[in-house]
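Below is a short report on one protein chain. Read it with the sequence and the model side by side.

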Amino acid sequence: MTLTVAPYNTGSMKTRIDARLLMAVAVTAFFAASVYSGIGAGLEAYDPGPLSLLRLLSASVALAFYALLSRRVRLPAVRDLPAAALSGLLGFAAYNVALAYGQATVSAGTASQLHASIPVFTALLAVAFLG
């Protein structure tokens with residue numbers, strides 16, 4: 001199923017939006033919106049560190065399952081493994097542990113607002129340090 005819409009800037013030109021794309025956007029928005037309340041619920045049963053590990057392990061299993069079934073995901077080159085491991089450790093593990101520890105002290109709504117302000121602070125820091 002496809003949805004045909006006329007974009008605002010192309011006059012009579014039509015754009016097709018695949019139903020799979022719309023479903024992917026809807027699922028992504030749902031999980032992105034519920035992550036803070038999910039972490040809050042998880043913190044009632046687990047400490048922040050184990051909760052982060054559980055979240056990352058479940059995501060890793062889901063992505064590995066997808067990679068095996070789709071056969072479209074290529075393994076990285078051996079020379080890229082150290083950089084991938086470092087970015088995974090800093091970019092995912094440290095962020096998730098810091099998020100869980102932070103949310104142990106604030107509400108889900110406050111955590112969501114703080115997270116939503118990250119692009120603003122990133123832009124301000126970029127201007128301050130990069131000119």
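In which helix does Met 23 lie? Met 23 belongs to helix H1, which covers residues 19–42. This is a predicted model, and every value here is computed from it.

**Overall layout**

The protein chain has five helices and two strands. Along the sequence, the order is β-β-α-α-α-α-α. The chain has 131 residues, and 10% of them count as buried. Its accessible surface is about 10400 Å². Carbon and sulfur atoms supply 71% of that surface. Among contacts with a separation of 6 or more, 46% join residues 24 or more positions apart.

**A nonpolar patch on the surface**

Met 23 is exposed, because its relative accessible area of 53% is over 50%. It shares a nonpolar surface patch with Val 27, Phe 30 and Phe 31. Together the four residues have about 440 Å² of accessible area. In soluble globular proteins, nonpolar side chains tend to be buried together.

**The nonpolar core**

Six residues make up the largest nonpolar core: Tyr 36, Ile 39, Leu 43, Leu 51, Leu 99 and Ala 111. What does Leu 43 contact, once its neighbours within four places in sequence are left aside? Its partners are Pro 48, Leu 51, Ala 100, Gln 103 and Ala 104. Leu 51 thus appears twice: as a core member and as a contact of Leu 43.

**Helix H2 and the residue after it**

Helix H2 runs over residues 48–70, 23 residues in total. From first C-alpha to last, H2 reaches 33 Å. That is close to the 33 Å expected at 1.5 Å a residue. Its buried residues are Pro 48, Leu 51 and Ser 52. These buried residues pack against H1 and against helix H3 (81–103). Two of them, Pro 48 and Leu 51, are also contacts of Leu 43.

Leu 54 lies in H2 too. Is Leu 54 partly exposed or buried? It counts as partly exposed, because its relative accessibility is 42%. Leu 54 and Gly 42 are 12 residues apart in sequence. In space, their C-alpha atoms are 9.8 Å apart.

Arg 71 comes just after H2. It is found in the loop between H2 and H3. Its phi is positive, about 60°, although Arg 71 is not a glycine. Arg 71 is exposed, with a relative accessible area of 73%.

**One salt bridge**

How many salt bridges does the structure hold? It holds one. Arg 79 pairs with Asp 80, and their closest N and O atoms are 3.3 Å apart. The pair counts as a salt bridge because this distance is within 4 Å. Side chains of opposite charge can pair when their charged atoms come close. Arg 79 counts as exposed, at 70% relative accessibility. Asp 80 is partly exposed, with a relative accessible area of 32%.

**Accessibility of five residues**

The table gathers residues discussed above.

| Residue | Relative accessible area | Class |
|---|---|---|
| Met 23 | 53% | exposed |
| Leu 54 | 42% | partly exposed |
| Arg 71 | 73% | exposed |
| Arg 79 | 70% | exposed |
| Asp 80 | 32% | partly exposed |

Definitions and conventions
Residues numbered from 1 in each chain as written. Predicted model: local features only at pLDDT ≥ 70, side-chain atom pairs only at ≥ 80, totals over all residues. Heavy atoms only, no water. Patch = residues over 30% accessible without salt bridge, like charges linked within 9 Å, V, L, I, M, F, W, Y side chains within 5 Å. Areas by Shrake-Rupley, 256 points an atom, 1.4 Å probe, with all protein chains shown as cover. Salt bridge = Lys/Arg side-chain N within 4 Å of Asp/Glu carboxyl O. Helix = DSSP H or I, 4+ residues; strand = E, 2+ residues; numbered from the N terminus. Buried < 20%, exposed > 50% of the residue type's maximum accessible area, 1.4 Å probe, protein only. Expected span 1.5 Å × (residues − 1). Contact = heavy atoms within 4.5 Å. Core = buried A, V, L, I, M, F, W, Y, C linked by side-chain atoms within 4.5 Å.
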